[in-house]
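Visitor: I have the sequence and the model open side by side, and I would like to go through them with you step by step. Could you show them here before we start?

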Amino acid sequence: NNLIMKKLMLSAVALMIASIGFAQAPTATVVAAKAGAAVGANTGESIQNGDDNAVRVRQAGSEMSVRTVQNNGAGTGFNLAQVWQTGEVAPGPSGFQNAAEVLQSGTANESTTMQEGDRNEAVTRQGQNDPASTYNRASIRQGTGDQAQDNYAAIDQDGADNQASTIQTYDNSEAWTQHRLV
């Protein structure tokens, strides 16, 4: 009887420890797909507060979307965001109508967005009406392979000593870059 009671107590303790571990597991939030997105399209959102954060997103397919927000709170920034949306239009319908948005607050942030295919949209905003936001770097590259047309890229940076680079290959694409001292 004593042996059975010991086993029962050990089992109960193990069950309690396991339930505590499961109760503290992070929970995922479902993010709504962009309007008109294909059924099963990849959609992601990342919100990070504080300094020295990093997020890397890689999506493959069509009509995907990702939104990344990095707020520095009362800190200085030094955040990194990398977004890569892949696919070649020919021979299949991949790399088509993808959207990427990166919002970063603070100083010395870095954002890199790469998109392959047609009719993609990439927007990076750094500083967001903060004149003290400085030394940010943003890069958007759209198009690789033989397909890359009708794409849109925008970089909006506030503050001083920022760098921006936009590279688009092939036809009918539009790019917009703005540096403001606010």
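Visitor: Leaving aside its neighbours within four places in sequence, with which residues is Val-66 in contact?

Guide: This is a predicted model, and the contacts described here are read from it. In that model, and with neighbours within four places in sequence left aside, the partners of Val-66 include Gly-44, Gln-59, Gln-85, Ala-99 and Glu-101. The list is completed by Val-57, Val-83 and Ala-100.

Visitor: Which residues make up the largest nonpolar core, and which strands each supply at least two of them?

Guide: The largest nonpolar core has seven residues in all, namely Val-55, Val-57, Val-66, Ala-81, Val-83, Ala-100 and Val-102. At least two residues of this core come from each of strand 2 (54-60), strand 4 and strand 5. A second, separate core has five residues, among them Ala-122, Ala-138, Ile-140 and Ile-155. The strands asked for are therefore strand 2, strand 4 and strand 5.

Visitor: Which residues form the covered face of strand 2?

Guide: In a regular strand, side chains point alternately to the two faces of the sheet. In strand 2, the uncovered face holds Ala-54, Arg-56, Arg-58 and Ala-60. The covered face is made of Val-55, Val-57 and Gln-59.

Visitor: What is the order of the five-stranded open sheet, and which strands are its edges?

Guide: The five strands pair in the parallel sense, in the order 2-4-6-8-10. Within this sheet, strand 2 and strand 4 are joined over seven bridges, with Val-57 opposite Val-83, while strand 4 and strand 6 (residues 110-115) are joined over six bridges, with Ala-81 opposite Ser-111. The strands that pair on one side only, and so form the edges, are strand 2 and strand 10 (163-168).

Visitor: In the six-stranded open sheet, what is the strand order, and which residue of strand 11 is the bridge partner of Ala-153?

Guide: The six strands follow the order 1-3-5-7-9-11 with parallel pairing, and the edges are strand 1 (43-49) and strand 11 (174-180), each of which pairs on one side only. Strand 9 (residues 152-158) runs parallel to strand 11 and is joined to it by seven bridges. In strand 11, the bridge partner of Ala-153 is Ala-175.

Visitor: Is Thr-86 buried or exposed, and which residues does it contact beyond its neighbours within four places in sequence?

Guide: Thr-86 belongs to strand 4, and its relative accessibility is 10%, which is under the 20% limit, so Thr-86 counts as buried. Leaving aside neighbours within four places in sequence, Thr-86 is in contact with Arg-58, Gln-59, Ala-60, Gly-61, Met-64, Gly-95 and Glu-116.

Visitor: Where is Phe-96 placed, and why does it count as partly exposed?

Guide: Phe-96 sits in the loop between strand 4 (80-86) and strand 5 (99-104). Not counting residues up to four places away in sequence, Phe-96 touches Gly-61, Ser-62, Glu-63, Asp-118, Arg-119 and Asn-120. Phe-96 counts as partly exposed because this class lies between 20% and 50% relative accessibility, and its own value is 25%.

Visitor: How many aromatic pairs does a search of the whole structure find, and at what distance from the ring centre of Trp-84 does Arg-58 lie?

Guide: For aromatic pairs, the search of the whole structure gives a count of zero. Trp-84 does have a charged residue over its ring face, namely Arg-58, and the distance from the ring centre is 4.1 Å.

Notes: Residues numbered from 1 in each chain as written. Predicted model: local features only at pLDDT ≥ 70, side-chain atom pairs only at ≥ 80, totals over all residues. Heavy atoms only, no water. Helix = DSSP H or I, 4+ residues; strand = E, 2+ residues; numbered from the N terminus. Buried < 20%, exposed > 50% of the residue type's maximum accessible area, 1.4 Å probe, protein only. Contact = heavy atoms within 4.5 Å. Pairing = 2+ DSSP bridges. Core = buried A, V, L, I, M, F, W, Y, C linked by side-chain atoms within 4.5 Å. Phe/Tyr/Trp six-rings, centres within 6.5 Å; stacked < 30°, edge-to-face > 60°. Lys NZ or Arg CZ within 6 Å of the ring centre and 35° of its normal.
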